[in-house]
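Please walk through this protein model with me, beginning at its surface and then turning to its overall make-up and to one of its helices.

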Amino acid sequence: MASALPLVDYSDSDSDAAQPPAKIQKTTSKETRSVPLPKLPPLPSRFHELYVVPPRVGKEDDPSLHGGRKRSTPHVQGNWPTHVFVEWHLTRAEFDSLDNFYTSAAKAAGGALAEPLQLESHLKSDLGSELPLHLSLSRPNVLRTEQREGFLETLKERYRKARVKPFTVEFTGFEWVGNYDSTRWFLVLKAAVAQNSELPRLLDLTNRTFAAFKQPALYTKNGNVTTGFHVSLAWSLTKPTAEIEKNVRSVLAIKGDRVTLNGGSTPIKMQVDNIKVKIGSTFHVVELGIPLDTPEEEATLSPAGRWLQSSFVPWSSSACLTISLHSLLHSRRPNQQCSPTMPNSTEWIDTRKIVPQKPVQDDSSKKGEFLAEDQLVHLKSYRYQSVDKSLISNYILKHYWNFMVELLPRWLAPNAVTLVGFGFIMFNVICLEIFMPDLVGPGPPWLYYSFAFGLWAYSTMDNIDGKQARRTGSSSPLGELFDHGIDSLNCTLASLCETASMGLGPTKVGVFTALVPCLPMFFSTWETYHTHVLYLGYFNGPTEGLIIACSLMIASGYFGPDIWTHKVKHSVGHEWLFDDYSVRDLWVYILIGSFLFAHLPFCIINVVKARRRQNLPVLPIFLEWAPMVAYTFGCGAWLYSPTTTLLEENRLVLFCVTMSFVFGRMTTKIILAHLTKQPFPYWTVLLTPLLGGAVLANLPLVGLPRISAFYELWYLRGYFVFAVIIYFQWAIRVINGICGYLGIQCLRITPKSPPAGVLNGATKERAA
């Protein structure tokens, strides 16, 4: 807990005034010995965390330091052992009773047996101090560094939403239990767990949280509980023989069905008020019975649902009706059939034979409409990382971006900034279709200048949206998804303006110019998926490439697009090098060379390094190029087909706008898989009509008649409508799911102070 804990609880001022403290009387030594000491108030349960011994620093496993015990999981840098359990601090009577049980068992296991067993106590440390006991709610699992915060928050939220109340646990007897590796055996107290007890609910919540982080569950197999809850009393490195088990069982025989204090009539009870979560060497306390924070959360339950959660429902035919009613109230099908023969709530049963009761209030409110919670849970632990080595960005444009972000109002959401930038590109495409639909021109000079201004404005907004998020304290994984999703849509649209600026028109060179930016965008996204870092080199597309594109547009506005048909040697000389080539003649080679030599190799190298660091195979990752291969093949086979009519009919703008949604869906799915730690998406349904169009355009190659221009155009128009519907339906559902889970809004923020140490959307050190 973050707050300081008082050592004792003091009464309020009124009670102090009503009962003035008694005067202290002097006593002799004999009187002191005869008068019993006053009973001190008990320490708070969380007091024990204040004196946790720090762990030994070291990576090597030394069993001699732990009584011969060995690590069940080898130490790996960046891994954090995680354990969820109930801690039981014994009273004096409980400790004495259990210590007597242990002493009797140790004698029965050793003594004059041919193969004596050395039994070590969990009740005392090596120095003889009393130790708390534990009831496990998880296996000793392992989390990565970036998962710790998200796991703890998710577990706390599930406990709170389920409204698990404090309860007590009694015990039915003793038994021997081995660990998963069969390296240690434990003498344990068997917990008495009712069918509707809180323990199965806690176990279910804990297991589902670990499952969201790809960790194994406890006590379950195929969803069923397969062993009982227990508290370990002692342990041994040697498996007990049948003779030892018989001897221990005889000395630990109990009267009745409960373990009692000193063999009397009072059962030993463990009070459960909170759950402990140990991550590494840090202990976290999760209190039970914490009410929902807001009236809005309370309002998510119907009156019947609130009554059900606060009521004790015994297993009977009427209880089955109540549970079915609750399922209907929450639009769910009852997940089990009830029978009048089910055991009564007062009957204690072996938990190895029961299915844990699902919490009445599950985590449906934490699920998006479209995304499952085991995907969304990773958003809370995600941290955006990028590396930009561009000298222009770091030494020139950084100051320009810091200046521009200060012009934005603090109420403007970062995603709205991104959307405004994309609006400039959309305006450029509309002007292109109106004033220069043939993509050749020449168009009016202002049109080329507007292309350059729109592209630069888009780049500016794209670079300051993250700074706006940091200065307003509204950074979230949705920002990365939204930002890079817009970048994907922009790939074929901004390049359309570049195609028109150079006067390339609906030609094969124009097609290549309009669609080739998709290649570096895809491989950068693929690289980020594996390395978890966005790398931008010394010469990269978003900076230097964009500056070159803006320069080309300005030059076309000033000199006209015919400038790109002039011989290069007339402008720069070196006739031996450039011969009679113009910029248009060399343009495709420039683009291919930039991609193959300045971009793709570094993407592959970074991904291979990341896979090897994680000891993962390298070759399978190249299968992930399949969607891009299908996309490239489909576009090329369709538009470069000798029988297609799209270029003749000047439909390149419609084709590129359609491909904007297809490519945007393809790459955004990869980004979402990266954010939610899901498998790589190999396909999107929007690629299917693209391959269908490629087949239709090449029907004469298989002896079938050529498709007419009319039907090919309407196929493309239908493809466009289909792509728009599928894309926006998917995008809206994903955005709503993320916003609902994180409790944020996509295009609105609540004004708040910027985080400490932030200036102009960057840390003070970088902004200085």
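**From the surface to a covered helix**

In this predicted model, Leu 391 counts as exposed because its relative accessibility is 51%, and exposure calls for a value over 50%. Leu 391 lies in helix H11, which covers residues 391–405, and together with Tyr 395, Ile 396 and Tyr 538 it makes a nonpolar surface patch of about 520 Å².

That patch can be set against the protein as a whole, whose accessible surface comes to about 40,100 Å², with 60% of this area belonging to carbon and sulfur atoms. The protein contains 26 helices and 16 strands, and of its 768 residues 45% count as buried. Among the contacts with a separation of 6 or more, 79% are accounted for by residues that stand 24 or more positions apart in the protein.

Helix H22 offers a view of the buried part. Spanning residues 626–639, helix H22 has 14 residues and reaches 20 Å from its first C-alpha to its last, which is close to the 20 Å expected at 1.5 Å a residue. Which residues of H22 are buried? They are Pro 627, Met 628, Ala 630, Tyr 631, Gly 634, Cys 635, Ala 637, Trp 638 and Leu 639. An α-helix has 3.6 residues a turn, so residues three or four places apart point the same way.

What covers these buried residues of H22 includes helices H14 (477–501), H15 (508–515) and H16 (518–531), which come before it in the numbering, as well as helices H23 (652–676), H24 (687–697) and H25 (709–742), which come after it.

Definitions and conventions
Residues numbered from 1 in each chain as written. Predicted model: local features only at pLDDT ≥ 70, side-chain atom pairs only at ≥ 80, totals over all residues. Heavy atoms only, no water. Helix = DSSP H or I, 4+ residues; strand = E, 2+ residues; numbered from the N terminus. Expected span 1.5 Å × (residues − 1). Buried < 20%, exposed > 50% of the residue type's maximum accessible area, 1.4 Å probe, protein only. Contact = heavy atoms within 4.5 Å. Patch = residues over 30% accessible without salt bridge, like charges linked within 9 Å, V, L, I, M, F, W, Y side chains within 5 Å. Areas by Shrake-Rupley, 256 points an atom, 1.4 Å probe, with all protein chains shown as cover. Salt bridge = Lys/Arg side-chain N within 4 Å of Asp/Glu carboxyl O.
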